[in-house]
Amino acid sequence: MSLLQIQKCTEEDANMLAELRARAMKDSLEAIGRYDEQRVRNRLLENFVVGDTYKVLMDQQLAGFYVIHLREDHLYLDHLYIDPAFQGHGLGHKILTDIQQQARSLNLPVRLGALRDSRANKFYRRHGFIQTHEDAFDIFYQWQ
């Protein structure tokens with residue numbers, strides 16, 4: 001049985017997480033002609049909030065990470081990425097279920113945005129998120 005751990009990140013984790021984000025987003029961004037090797041990393045690094053960032057380890061290997069911001073009237077899931085090598089094993093489901101439980105205990109909704117045409121949209125809808133609006137590149141959702 002695999003050992004799943006969720007740990008708070010440190011400043012030293014930032015570059016490793018940016019690399020994971022680039023691997024996880026590459027196919028979706030290439031599909032819409034928007035993959036830029038540096039930009040995909042910089043978006044995370046320029047807005048890295050260590051206190052809101054959690055890494056997901058499977059058997060001591062980095063399998064994913066997420067960033068959750070507590071706002072006045074909601075939780076904002078800013079990032080949720082699972083390394084392609086670990087996708088399809090229920091990690092995203094486990095993380096999202098934990099976030100939903102946290103939101104329930106705080107009596108707050110969860111909001112997020114997902115890249116248009118990404119498989120993430122189906123994932124979030126399957127977990128009860130309702131589309132609230134969209135822009136040229138993203139679709140925005142709320143749960144609860």
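Q: In which sense do S6 and S7 pair?
A: This is a predicted model, in which local features need pLDDT of at least 70, side-chain atom pairs count only at pLDDT 80 or more, and totals for chains, interfaces and linings use all residues. Residues are numbered from 1 along each chain as its sequence is written, and side-chain values use heavy atoms, with hydrogens and water left out. Strands (E, at least two residues) and helices (H or I, at least four) are DSSP runs numbered from the N terminus, and two strands pair if DSSP finds at least two bridges between them. Over 4 bridges, the sense of S6 and S7 is antiparallel.

Q: Which strands stand at the edges of the sheet?
A: The sheet is open, has 7 strands with mixed pairing, and follows the order S1-S2-S3-S4-S5-S7-S6. Two of these strands each have a single partner, so one side of each is left without a neighbour in the sheet; they are S1 (4–8) and S6 (130–134).

Q: Which helix supplies the largest share of the largest nonpolar core?
A: A nonpolar core is a set of buried Ala, Val, Leu, Ile, Met, Phe, Trp, Tyr and Cys residues joined through side-chain atoms within 4.5 Å, where buried means under 20% relative accessible area (1.4 Å probe, protein chains only). Of the 24 residues in the largest core, Tyr66, Leu77, Leu80, Val110, Tyr124 and Phe129 touch the most other members. The largest share of this core is 5 residues, and they come from H3.

Q: Why do the buried residues of H2 line one face of the helix?
A: The buried residues of H2 (residues 37–46) are Val40, Arg41 and Leu44. Taking the directions from the helix axis to the C-beta atoms, these residues line one face because, seen down the axis of H2, they fall within an arc of 90°.

Q: How are the planes of Phe65 and Tyr81 described: stacked, tilted or edge-to-face?
A: Rings of Phe, Tyr and Trp (its six-membered ring) pair if their centres lie within 6.5 Å, and planes under 30 degrees apart count as stacked, over 60 as edge-to-face and the rest as tilted. A search of the whole structure finds 5 aromatic pairs. The rings of Phe65 and Tyr81 have centres 5.6 Å apart and planes at 45°, so the pair is tilted.

Q: How many residues apart in sequence are Tyr124 and Tyr141?
A: Their ring centres lie 6.5 Å apart with planes at 40°, so this pair is tilted. Tyr124 lies in helix H4 and Tyr141 in strand S7, and the pair links distant parts of the chain, 17 residues apart.

Key
Buried means under 20% relative accessible area, exposed over 50%, partly exposed in between (1.4 Å probe, protein chains only).
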